[in-house]
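Let's take a walk through a protein together, one stop at a time. Keep the picture open while you read.

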Amino acid sequence: MESFGTNMQILNRDIIKYIAVFAMLLNHIARIFLPTGSAPAFALEFIGYFTTPTMCYFLVEGYRYTGSKKRYGQRLLFFAVISQIPFSLVFQFNNLNMIYTLLCCFLILVVREKVQDQFLQRVLSISLTLATMVADWALIAPVFTILFHDSGGEKRGLARGYIMGYAFYAFVMTQSYMVESGYAIQKAVLLGLLSGTGIIASAVVILLFYNGKRARRGRTFSKWFFYIFYPGHLLVLYLLKEYVAR
């Protein structure tokens, strides 16, 4: 990446990922335990939207620098499988979990690297994007992944990617608030724009504060923590949900 605000770049990859998983935890707490449509629920949900674009960015970066793309993909597949039961228990619908979505995003990167025929590359990329329609963060995560990949890690390209991703997300959420929640257009537009607060925060953190480095210590712990935390926290939240319901 080009030099940009180097005096502000104080956060490494692992710290940002810990922030991201905490934001995700707040989002899930809001969705499970807080009244739908309440101000606290909206606030925590919007904070949680920091996580997906951040993880898509690190997926693209990790794909570029990993020592074994095969093992990277295998890890995503394994944790996508074991995360599905706690995900379904917590949210009680038939969608697939977020790690499945990230696996599809990973496969999009594989296609864009390995498939030389441009027509076939587009067909496969679109197919994998549509495959996320049955999962958490459908369409949005693949769009961010493609935008970040096409930026080549260059700051201005990343900024454009964040702007385009935010606009797409705000549009999708506005439609959701109108159609699924039945809100008037003014409220739906306002909430759609506010729902991208976490995306804006992700852009600020990555563009201004990320130093492009990993933590010096605890790398192995952090690597596995981020995978294990997802199904682990879902299982704990499910058990708490069941306890509260008694």
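Is Ile-47 buried, partly exposed or exposed? Ile-47 counts as partly exposed, because its relative accessibility is 41%, and the partly exposed class runs between 20% and 50%. Before we go further, keep in mind that you're looking at a predicted model.

Let's stay with Ile-47 for a moment. You'll find Ile-47 in helix 2, which covers residues 39–48. Leaving aside residues up to four places away in sequence, Ile-47 touches Ala-23, Leu-26 and Gly-198. Now look for Ser-202: along the chain, Ile-47 and Ser-202 are 155 residues apart, but in space their C-alpha atoms are 10.0 Å apart. Ser-202 sits in helix 10, residues 197–209. And is Ser-202 buried or exposed? Ser-202 is buried, because its relative accessible area is 0%, and anything under 20% gets that label. Its contacts, again not counting residues up to four places away in sequence, are Phe-50, Pro-53, Thr-54 and Tyr-162.

Time to zoom out. The protein's secondary structure comes to 11 helices and 0 strands. Read from the N terminus, the elements go α-α-α-α-α-α-α-α-α-α-α. How compact is the protein? Its radius of gyration is 18 Å, close to the 18 Å that the globule rule gives for 246 residues, so the protein is as compact as a globular protein of that length. If you drew a box around the C-alpha atoms along the principal axes, it would be roughly 50 × 45 × 40 Å. Of the 246 residues, 48% are buried. Here's another number for the fold as a whole: take the contacts with a separation of 6 or more, and 74% of them join residues 24 or more positions apart.

Next, let's go inside. The largest nonpolar core has 62 residues, and those with the most contacts inside it are Ile-16, Tyr-57, Leu-59, Leu-76, Phe-148 and Tyr-162. Which helix gives the most to this core? That's helix 5, residues 98–114, with 9 residues. You've already met Tyr-162 as one of the residues that Ser-202 touches. Leu-59 is worth a click too: apart from residues up to four places away in sequence, Leu-59 touches Tyr-72, Leu-76, Leu-102, Cys-105, Phe-106, Leu-109 and Thr-145.

Helix 5 also packs against helix 7. Their axes come within 9 Å and cross at roughly 35°, and the crossing is right-handed. On the helix 5 side, the residues that meet helix 7 are Met-98, Thr-101, Cys-105, Ile-108, Leu-109 and Arg-112. Facing them from helix 7 are Ala-141, Pro-142, Thr-145, Ile-146, His-149 and Asp-150. Sort this contact by class and you get 7 nonpolar, 3 polar and 2 charged residues.

Compare that with another pair of helices. Helix 8 (residues 155–179) and helix 9 (residues 185–194) pack at an angle of about 145°, and their axes are 8 Å apart. Helix 8 passes helix 9 in a right-handed crossing. From helix 8, the contact uses Tyr-166, Ala-170, Met-173, Thr-174, Tyr-177 and Met-178. From helix 9 come Ile-185, Ala-188, Val-189, Leu-191, Gly-192 and Leu-193. By class, this contact has 10 nonpolar, 2 polar and no charged residues.

While you're at helix 8, find Gln-175, which has its place there. Gln-175 is partly exposed, with a relative accessible area of 34%. In sequence, Gln-175 and Ser-38 are 137 residues apart, and in space they're 19 Å apart, C-alpha to C-alpha.

Our last stop is the loop between helix 6 (118–130) and helix 7 (140–151), where you'll find Trp-137. What is the phi of Trp-137? Trp-137 has a positive phi of about 55°, although it is not a glycine. Trp-137 is buried, since its relative accessible area of 14% falls under the 20% cut-off. Leu-139 is found in the loop between helix 6 and helix 7 as well. Leu-139 also has a positive phi, about 65°, and is not a glycine. With a relative accessibility of 25%, Leu-139 counts as partly exposed.

Technical notes:
Residues numbered from 1 in each chain as written. Predicted model: local features only at pLDDT ≥ 70, side-chain atom pairs only at ≥ 80, totals over all residues. Heavy atoms only, no water. Helix = DSSP H or I, 4+ residues; strand = E, 2+ residues; numbered from the N terminus. Buried < 20%, exposed > 50% of the residue type's maximum accessible area, 1.4 Å probe, protein only. Core = buried A, V, L, I, M, F, W, Y, C linked by side-chain atoms within 4.5 Å. Contact = heavy atoms within 4.5 Å. Axes fitted to C-alpha atoms, helices over the stretch in contact; angles between N-to-C directions. Left-handed = near helix turned anticlockwise from the far one by under 90°. Nonpolar A, V, L, I, M, F, W, Y, C, P; charged D, E, K, R; others polar. Rg over C-alpha atoms; globule rule 2.2 N^0.38 Å.
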